[in-house]
Amino acid sequence: MDEAGRRRRFEQAVPPMIDPLRRFLARRTDPATADDVLADTLLVCWRRLEQLPEDPLPWAYGVARHCLANAERTSRRQRRVAAKVAVLDPPASSSPGPGDTDDDPVGRALAALRTDDAELLRLWAWEQLGASEIAQVLGISANAASIRLHRARQRLREELEELEEAGKTDGRAGHEESREGRKR
């Protein structure tokens, strides 16, 4: 494919993916990191344009997921280095992240789950992906994604029930049948 053909294909395939990818990343990290990771993801899409499947969004979610993991690793390394270099004087306060607030029972229940289960549920509920699309994002079979999704939903339900029994919810969590994330 010549340069003009690559450019045409990129301009056709990528713009419809930008907003879903931005939302995907915004739900997982801070805005500045989300913008950086989105740029990295689009760069990978450009470099690997020949590998872009017919429905490229689940593939791009997988790329974004890996780019975010790289950004988080880099951030952790920078913090470790900064901690070694900086004067030992911790900041007075920190801002809460997603799911860190006491009034969000679903966020607390998600935080209590294994990282893999929480990510699977986020892909299903927030990105509204089906099992086969989740499989593509995670690099597993559709059957494995379906089974893991079923188990993750069950674990989330159990966590919500435990929170409710402990009196840590306002009574709404776990009682309503969620329709979010289901394909119609």
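Me: Buried here means under 20% relative accessible area. With that in hand, is Arg 28 buried or exposed?

Reply: This is a predicted model, so keep that in mind throughout. Arg 28 has a relative accessible area of 15%. The cut-off for buried is under 20%, so Arg 28 counts as buried.

Me: Which residue does Arg 28 meet in a salt bridge, at 3.0 Å, N to O?

Reply: Side chains of opposite charge can pair when their charged atoms come close. For Arg 28, the N to O distance in the salt bridge is 3.0 Å. The partner has a relative accessible area of 10%, and is buried. That partner is Glu 127.

Me: How many residues apart in sequence are the parts that Glu 127 and Arg 28 tie together?

Reply: Look at the two loops. Glu 127 sits in the loop between α6 (115–125) and α7 (131–138), while Arg 28 sits in the loop between α2 (15–26) and α3 (31–47). The pair therefore ties together parts whose separation in sequence is 99 residues.

Me: And Asp 117, which residue does that one form a salt bridge with?

Reply: The closest N and O atoms of this pair are 2.7 Å apart. Asp 117 lies in helix α6 and the partner in helix α8 (residues 142–165), so the pair ties together parts 38 residues apart in sequence. Asp 117 counts as buried at 4% relative accessibility, whereas the partner counts as partly exposed at 32%. The partner is Arg 155.

Me: Which residues do salt bridges with shared partners join into one network?

Reply: Start from the buried pair, Glu 127 and Arg 28, whose side chains meet in a salt bridge. Both belong to one network held by shared partners. The full set is Arg 27, Arg 28, Arg 65, Glu 119 and Glu 127.

Me: Over in helix α1 (residues 3–13), how many residues apart are Arg 7 and Glu 11?

Reply: These two form a salt bridge, with the closest N and O atoms 3.2 Å apart. In an α-helix, residues three or four places apart point the same way, because there are 3.6 residues a turn. Arg 7 is exposed at 53% relative accessible area, and Glu 11 is partly exposed at 45%. Their spacing is about one turn of the helix, which here is four residues.

Me: What do the buried residues of α5 pack against?

Reply: Helix α5 covers residues 105–112. Its buried residues are Pro 105, Gly 107, Ala 109 and Leu 110. The buried residues of α5 pack against α6 and α8.

Notes:
Residues are numbered from 1 along each chain as its sequence is written. This is a predicted model: local features need pLDDT of at least 70, side-chain atom pairs count only at pLDDT 80 or more; totals for chains, interfaces and linings use all residues. Side-chain values use heavy atoms; hydrogens and water are left out. A salt bridge is a side-chain nitrogen of Lys or Arg within 4 Å of a carboxyl oxygen of Asp or Glu. Buried means under 20% relative accessible area, exposed over 50%, partly exposed in between (1.4 Å probe, protein chains only). Contact means heavy atoms within 4.5 Å.
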